[in-house]
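User: I am new to this molecule and would like to go through it step by step. Could you take my questions in turn once the sequence and structure are shown?

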Amino acid sequence: MKKALTVLILFSAIALIACSGKKTYTAKSKGYGGEITVELTAAKDKITAVKVTGDKETPGIGEKAVKELPAAVLKAQNFDVDVIAGATITSTAVKKAVKDAMQQAGLISAANPCDDPGGTITLESINRYLNESADMGAGSTANVVAVIPVAHINGPREEHDFYAFVNFKYKARNFIKYQVTYLSCTCRSAEVNYWSTAYVEVTLPKSGSIDDAAIKYLSFDHDAEGNYLAGFWGDSNPTPAGATYEDFKREYIPFFVGKDYKYLKTLSTTDDIAPEDYSAGEGRASYKVDSFTGSSVSTNNIIRMLNALFEYHATDDFFTQK
């Protein structure tokens, strides 16, 4: 009788474990000093436990990431948590392994845009694939990238559906840095036909409304701190109408700094910019928007690129989780 009771208890325990639905997934990645191993336990579409092992990481630095990130992942229910200061390599390795384990558990998908049985490929599926199929994207080695739609306009005011490319997205405390490559001029000869690359910083407003998000910085050369060359002016210099890139840098590009999306989305071309708005602000009294008449391809597509970027900016978790 005693033996039968013991067997019954054993089977009951096994049944309880099986019914709990808990399962552990293991993933590995290369840290700063050696291999990082993550054991992630999941049940009912939730992470219930995270264990990280990496005994070759730097004492007091990398080992801090090994010890502290499991709790952060468990709390966030996501691999994309803040890195530990001074331990970027170890932190990234932990996040990469957690991401792998989450994919194994079916908590996130490693989607291929061609996997849809209906044969439909969308920008969402392409961007998901770009950021999940390689070591790029949130919580990985490289920053987030994306393809975004742009309503391009040419000199005769004909509109075309184009795409622009977000080469990186880097989230700071209260703003996001972007590098966006887009085609402005389409009529130039092959030897001088380049795509423009803009470096843009866009705020994350306290209100949580995308309409209040504003351009913090805009450049076609250096970043806001002047540390590195982040942009590239790919249009005519000068334009056929005689406006030089220096004219754009001194007058037109600074006009957009500080402007929020509520205002920018009312602009389609420079014709929509009120002269009094354009000349408002310190040192701008003598500036006239019609001084760029004839340079509409360059001016109008900066507006189009910025509006496309704001639409992409609005998809960030900062806004979608509000």
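User: Which backbone oxygen does the side chain of Ser 125 reach?
Analyst: This is a predicted model, in which local features need pLDDT of at least 70 and side-chain atom pairs count only at pLDDT 80 or more, while totals for chains, interfaces and linings use all residues. Residues are numbered from 1 along each chain as its sequence is written, and side-chain values use heavy atoms, with hydrogens and water left out. Ser 125 is found in helix α4, where helices (H or I, at least four residues) and strands (E, at least two) are DSSP runs numbered from the N terminus. At 2.8 Å, the side chain of Ser 125 reaches the backbone oxygen of Thr 122.

User: What is the relative accessible area of Ser 125, and is this residue buried or exposed?
Analyst: The cut-offs settle the wording, because buried means under 20% relative accessible area, exposed over 50% and partly exposed in between, with a 1.4 Å probe and protein chains only. Ser 125 counts as buried because its relative accessible area is 8%.

User: Which residue's side chain makes a polar contact with the side chain of Ser 184?
Analyst: Ser 184 is found in the loop between β6 and β7, and it is buried, with a relative accessible area of 0%. A polar contact is a pair of N or O atoms within 3.5 Å; within protein, one must be able to donate a hydrogen and the other to accept it, and residues adjacent in sequence count only if both atoms are side-chain atoms. At 3.0 Å, the partner of the Ser 184 side chain is the side chain of Asp 235.

User: Which helix gives the most to the largest nonpolar core?
Analyst: A nonpolar core is a set of buried Ala, Val, Leu, Ile, Met, Phe, Trp, Tyr and Cys residues joined through side-chain atoms within 4.5 Å. The largest one has 45 residues, and those with the most contacts inside it are Phe 220 and Phe 256. Elements that each supply at least two residues of this core include β4, β5, α5 and α8. With 8 residues, the element that gives the most to this core is α8.

User: In what order do the strands of the open sheet lie?
Analyst: Two strands pair if DSSP finds at least two bridges between them, and 8 bridges join β1 to β2, which run antiparallel. The edge strands of the open sheet are β1 (23–30) and β3 (46–53), each pairing on one side only. Its 3 strands pair antiparallel, in the order β1-β2-β3.

User: What angle does the direction of helix α3 make with that of β1?
Analyst: Axes are lines fitted to C-alpha atoms, for helices over the stretch in contact, and angles run from 0 to 180 degrees between N-to-C directions. Helix α3 (residues 88–104) packs on the sheet and touches β1, β2 and β3, contact meaning heavy atoms within 4.5 Å. The direction of α3 makes with that of β1 an angle of about 145 degrees.

User: How far does α3 reach from its first C-alpha to its last?
Analyst: The expected span of a helix is 1.5 Å times one less than its number of residues. For α3, with 17 residues, the expected value is 24 Å, and the reach from its first C-alpha to its last is close to this, at 24 Å.

User: Which residue with a positive phi follows α3?
Analyst: The buried residues of α3, among them Ala 97 and Met 102, pack against β1, β2, β3, α2 and α4. With a phi near 80 degrees, the residue that follows α3 is Gly 106.
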